[in-house]
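Here is a walk through a few spots worth a look on screen. Keep the viewer open and follow along.

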Amino acid sequence: MNTGFLAGAAAGAAGTAALNAATYVDMVVRGRAASQTPERTVEAIEDRLPVTVPGAGDERRNRVSGLGSLTGILTGVGIGAAFGLLRGAGVRPPVPVGALLAGVTAMASTDVSMAKLRVTEPRSWSATDWASDLVPHLIYGAVTYATLHALDRRGLS
């Protein structure tokens, strides 16, 4: 398997952990609840596919919650893997640029898909809503791309 892909996936996993940590810090600082958009996204996808999340009541809600979290992890690892492949192909912007691109790509991939599924309407978000979405994604990009760069410097990507 391509080492750029593997290094990128590992970098994306590190970025995803950082994004989750930033989100949890925001929840602690502001005393806000967890977002329900991952679960609503799973349900919107379920409505469009010939599949059903099994179970009823709490059992089903727990499965939907787990699937929502897993989609976030898959997105973060997948975007990291894509950036690893690009880096392996010679696309190597400076770290600040690569970090910004990775963060914006992650944010756009989730926000656009949720808007298309009509889970959320970003045009109606407040400045606080945008900041609580942007900051963790920029942290994701910084950690992902810095990790990818460090792995590359060590000959691991």
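## A loop residue with an unusual backbone

In which loop does Arg 118 lie? Arg 118 belongs to the loop between helix H4 (95-116) and helix H5 (127-153). Bear in mind that this is a predicted model.

The backbone at Arg 118 is the odd bit: its phi is positive, about 60 degrees, even though Arg 118 is not a glycine. Most residues other than glycine have a negative phi. As for its surroundings, Arg 118 is exposed, with 75% relative accessible area.

## Glu 39, a buried acid without a partner

Now move to helix H2, which covers residues 37-48 and includes Glu 39. Glu 39 is buried, yet it has no salt bridge. What is the nearest side chain of opposite charge to Glu 39? That would be Arg 40, and it sits 7.4 Å away. A salt bridge calls for a nitrogen and an oxygen within 4 Å, so Arg 40 doesn't fill that role for Glu 39.

Glu 39 does have a polar contact, though: its side chain pairs with the side chain of Ser 65 at 3.4 Å. Once you set aside its neighbours within four places in sequence, Glu 39 is in contact with Ser 65 and Val 64.

## Thr 37, in the same helix

Thr 37 is in helix H2 too. Is Thr 37 buried or exposed? With a relative accessibility of 17%, Thr 37 counts as buried, because the cut-off for that label is under 20%.

The side chain of Thr 37 has a polar contact with the side chain of Ser 35, at 2.8 Å. Looking past the neighbours within four places in sequence, you'll find Thr 37 in contact with Met 114 and Val 119.

## Salt bridges

How many salt bridges does the structure hold? There are nine. One of them pairs the side chains of Glu 46 and Arg 60, with 2.3 Å from N to O. Glu 46 is in helix H2 while Arg 60 is in helix H3 (residues 57-88), so this pair ties together parts that are 14 residues apart in sequence. Both Glu 46 and Arg 60 are buried.

Helix H3 also has salt bridges within itself. Asp 58 and Arg 61 meet in one at 2.5 Å, N to O; these two sit three residues apart in H3, about one turn of the helix. Arg 61 is exposed, at 51% relative accessibility. Glu 59 and Arg 63 form another, with their closest N and O atoms 3.0 Å apart. Glu 59 and Arg 63 are separated by about one helical turn, because they lie four residues apart in helix H3. Glu 59 is partly exposed at 45% relative accessibility, and Arg 63 is partly exposed as well, at 36%. Elsewhere, a network of salt bridges links Asp 26, Arg 30 and Arg 32.

## A nonpolar patch on the surface

Which residues form the nonpolar patch on the surface? Leu 100, Val 104, Leu 134 and Leu 138 do, and together they have about 300 Å² of accessible area. Helices H4 and H5 each supply at least two residues of the patch.

Take Leu 134 as a sample member: it is found in helix H5. Leu 134 is partly exposed, with a relative accessible area of 34%. Patch residues need over 30%, so Leu 134 meets that cut-off.

## Distant in sequence, but how far in space?

Two pairs are worth checking with the distance tool. Val 135 is in helix H5 and is partly exposed, at 46% relative accessibility. How far apart are the C-alpha atoms of Val 135 and Thr 23? They are separated by 8.8 Å, although their positions lie 112 residues apart along the chain, counted as a sequence separation.

The other pair is Ile 73 and Gly 15. From C-alpha to C-alpha they are 9.7 Å apart in space, with a separation of 58 residues in sequence. Ile 73 is found in helix H3, and this residue is partly exposed, with 39% relative accessible area.

Technical notes. Residues numbered from 1 in each chain as written. Predicted model: local features only at pLDDT ≥ 70, side-chain atom pairs only at ≥ 80, totals over all residues. Heavy atoms only, no water. Buried < 20%, exposed > 50% of the residue type's maximum accessible area, 1.4 Å probe, protein only. Lys, Arg positive; Asp, Glu negative; His and termini not counted. Polar contact = N/O pair within 3.5 Å; in protein donor to acceptor, adjacent residues only side chain to side chain. Contact = heavy atoms within 4.5 Å. Patch = residues over 30% accessible without salt bridge, like charges linked within 9 Å, V, L, I, M, F, W, Y side chains within 5 Å. Areas by Shrake-Rupley, 256 points an atom, 1.4 Å probe, with all protein chains shown as cover.
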